[in-house]
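Open the model in your viewer and keep the selection panel at hand. The tour goes from the whole chain to single residues.

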Amino acid sequence: MPKESGRKVVATNRKARHNYNIIDTYEAGLVLMGTEVKSLREGKASLAEGFATLTDDELWLERVYIPEYLNGSWTNHSARRRRKLLLHRSEIEKIAVKTRETGFTIVPLQLYFSDGRAKVEIAVAKGKRDYDKRHALKEAQDKREAQRAMREKNLG
């Protein structure tokens with residue numbers, strides 16, 4: 001039985017859903033050093049510039065910022081090092097097939113602890129054009145205004 005149960009979110013990439021159309025999502029484990037885990041448990045990380053690459057049938061997470069552990073010593077990690085992602089072979093092959101097509105990329109959506117183990121939610125995504133982003137923002141604004149109008153009408 002793990003010491004922790006449930007899901008504790010450490011970092012979220014909020015810009016990813018704005019900049020990309022999400023096609024598929026996967027949960028992957030991470031190969032981390034001890035000081036990285038301690039730093040993550042303090043709730044410090046950033047996925048803003050992160051992405052994943054496929055190299056020699058392995059998936060690597062790059063440019064994800066996990067700051068150095070303050071109480072660490074000479075065994076501390078570098079903040080933006082490459083981290084190996086742990087997925088089943090079949091999942092890696094599905095991702096590889098998708099990313100061979102032009103316009104597709106792999107972006108991290110969320111970094112979290114699930115039952116005490118560090119996990120990252122990655123997505124195969126296709127970049128949005130500027131007009132798609134504007135259209136999505138306009139739809140959200142229209143929906144908010146309609147909800148506000150219905151609430152005001154119902155209240156009085």
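Start with the contact map of this predicted model. Among contacts in the protein chain with a separation of 6 or more, 69% join residues 24 or more positions apart.

**Whole chain**

Select the protein chain and colour by secondary structure. You should find 4 helices and 7 strands. Step through them along the sequence, and the order reads β-α-β-α-β-β-β-α-β-β-α.

Zoom out. Along the principal axes, the C-alpha atoms fill a box of roughly 65 × 40 × 30 Å. The radius of gyration is 19 Å, whereas a compact globule of 156 residues would have one near 15 Å.

Switch on the surface. About 10,300 Å² is accessible, and carbon and sulfur atoms account for 47% of that area. Of the 156 residues, 32% are buried.

Now colour by charge. There are 32 positive and 22 negative side chains. The centres of the two sets lie 3 Å apart.

**Helix H4**

Select residues 130-155, which form helix H4. How far apart are its end C-alpha atoms? They are 38 Å apart, and this agrees with the span expected for 26 residues at 1.5 Å a residue, also 38 Å. When you look down a helix, recall that an α-helix has 3.6 residues a turn, so residues three or four places apart point the same way.

Move one step past the helix. Just after H4 comes Gly156, with a positive phi of about 160 degrees.

**Strand S1: Ala11**

Select residues 7-12, strand S1, and pick out Ala11 within this strand. Is Ala11 buried or exposed? Ala11 is buried, because its relative accessible area is 7%, and the cut-off for buried is under 20%.

Show what surrounds Ala11. Beyond its neighbours within four places in sequence, Ala11 is in contact with Ala45, Leu47, Leu109, Gln110 and Leu111. Then draw a distance to Leu40. Leu40 is 29 residues from Ala11 along the chain, and their C-alpha atoms are separated by 9.0 Å.

**Strand S7: Ala123**

Select residues 117-127 for strand S7, where Ala123 is found. With a relative accessible area of 1%, Ala123 is buried.

Which residues does Ala123 touch, not counting those up to four places away in sequence? The list is Ile22, Asp24, Thr25, Thr105, Ile106, Val107 and Leu109. Draw one last distance, from Ala123 to Thr105. The two are 18 residues apart in sequence and 8.2 Å apart in space, C-alpha to C-alpha.

End on Leu109. Leu109 is among the contacts of Ala11, and Leu109 also touches Ala123.

Conventions: Residues numbered from 1 in each chain as written. Predicted model: local features only at pLDDT ≥ 70, side-chain atom pairs only at ≥ 80, totals over all residues. Heavy atoms only, no water. Helix = DSSP H or I, 4+ residues; strand = E, 2+ residues; numbered from the N terminus. Rg over C-alpha atoms; globule rule 2.2 N^0.38 Å. Buried < 20%, exposed > 50% of the residue type's maximum accessible area, 1.4 Å probe, protein only. Contact = heavy atoms within 4.5 Å. Areas by Shrake-Rupley, 256 points an atom, 1.4 Å probe, with all protein chains shown as cover. Lys, Arg positive; Asp, Glu negative; His and termini not counted. Charge placed at Lys NZ, Arg CZ, Asp CG, Glu CD. Expected span 1.5 Å × (residues − 1).
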